[in-house]
Structure formats: structure tokens, C-alpha cells
Amino acid sequence: QVQLVESGGGLVQVGGSLRLSCAASTNIFDSYVVGWYRQAPGKQRDLVGYISNGRTNYADSVKGRFTISRDNAKNTLYLYMNSLQPEDTAVYYCTAQKMGINYWGKGTLVTVSS
């Protein structure tokens, strides 16, 4: 069982930056696909980006603005968000996937005000 806990969300102005963290209860980077999703109010949960086999992939909507990184020693995944826009307002979820099993955190809310 993998437990994921996100943190770092909050209120930010348009054009601002935030760093989200996802602390895992165990080492998830050796054999899991890890990443971030987000869910805006009234909308479906969408992929932000993920790391798989050492490569990082991003949704077109965040490419060039968001960066995913990890700290293996701390079992922590990060999401660096720059040039934030109102449409980035959402609950952001960390996820780890292995052999068809998905683990999710409870999410952290990011609100971008104009």
C-alpha cells in the first residue's frame, strides 16, 4: 500500500509560481509511474504530467510552464508551476501507478486569482 500526501497549494496571483510536493510512504520511483493530475471545478480529472522510464511528459496545456521533478532520498515528487493562469485553478493530485494499480493522494487546491 502506497500513501501519497500532497502539499503546497494555495492562492496565487496570475503570473505567479507555486511548488507542490507529494510525499510518498515508500520508494515509488524505482518501479512506479508517477505524476500529477488536476481537476478543475465541474470538470474531469486531467493529466498534468508524469515520469516513466526516466522520461518526463507533460500535457500541452502546461508544457513550458510546469516542471516535474523528484527527490529519491526523500521519496518526494514535486510540481513546479510558473506563469500561472486562472485556468490552472484546480485540485492537484499526485499519483503512482504500478501493474494496473493506481494510488492517489487526497489533493491540494491551487487557486489562481486575476
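Biologist: In what order do the four strands of the open sheet lie?

Modeller: This is a predicted model. Its open sheet has four strands, and their pairing is antiparallel. At the edges are S1, residues 4-7, and S7, residues 66-71, each of which pairs on one side only. The order is S1-S3-S8-S7.

Biologist: By what angle are neighbouring strands of this sheet turned against each other on average?

Modeller: The strands in question are those of the sheet S1-S3-S8-S7. With direction ignored, the average turn between neighbours is 20 degrees.

Biologist: How many bridges join S1 and S3, and which residue of S3 stands opposite Val5?

Modeller: Strand S3 covers residues 18-24, and S1 pairs with S3 in the antiparallel sense. The pairing runs over four bridges. Opposite Val5 stands a residue of S3, namely Ala23.

Biologist: Where is Phe29 placed in the chain, and is Phe29 buried or exposed?

Modeller: Phe29 sits in the loop between S3 and S4, the latter being residues 33-39. A residue counts as buried when its relative accessible area is under 20%. Phe29 has a relative accessible area of 5%, so Phe29 is buried.

Biologist: Which residues are in contact with Phe29, leaving aside its neighbours within four places in sequence?

Modeller: Contact here means heavy atoms within 4.5 Å. With those sequence neighbours left aside, the contacts of Phe29 are Val34, Arg70, Asp71, Asn72, Asn75, Thr76 and Leu77.

Biologist: What distance separates the C-alpha atoms of Phe29 and Asn53?

Modeller: Along the chain, Phe29 and Asn53 are 24 residues apart. In space, their C-alpha atoms are separated by 9.5 Å.

Biologist: How many helices and how many strands does the chain have?

Modeller: From the N terminus on, the elements run β-β-β-β-β-β-β-β-β-β-β. The count is therefore zero helices and 11 strands.

Biologist: What radius of gyration does the chain have, and what would a compact globule have?

Modeller: The chain has 114 residues, and a compact globule with that number would have a radius of gyration near 13 Å. The C-alpha atoms fill a box of roughly 40 × 25 × 25 Å along the principal axes. The radius of gyration of the chain agrees with the globule value, because the chain has 13 Å.

Biologist: What percentage of the residues in the chain is buried?

Modeller: The chain exposes about 6300 Å², and carbon and sulfur atoms supply 45% of that area. Of the 114 residues, the buried ones make up 40%.

Biologist: Of the contacts with a separation of 6 or more, what share comes from residues 24 or more positions apart?

Modeller: The share is taken over contacts in the chain with a separation of 6 or more. Residues 24 or more positions apart account for 55%.

Definitions and conventions
Residues are numbered from 1 along each chain as its sequence is written. This is a predicted model: local features need pLDDT of at least 70, side-chain atom pairs count only at pLDDT 80 or more; totals for chains, interfaces and linings use all residues. Side-chain values use heavy atoms; hydrogens and water are left out. Two strands pair if DSSP finds at least two bridges between them. Helices (H or I, at least four residues) and strands (E, at least two) are DSSP runs, numbered from the N terminus. Axes are lines fitted to C-alpha atoms, for helices over the stretch in contact, and angles run from 0 to 180 degrees between N-to-C directions. Buried means under 20% relative accessible area, exposed over 50%, partly exposed in between (1.4 Å probe, protein chains only). The radius of gyration is taken over C-alpha atoms; the globule rule is 2.2 Å times the number of residues to the power 0.38. Accessible areas come from the Shrake-Rupley method with a 1.4 Å probe; for residues, only the protein chains shown count as cover.
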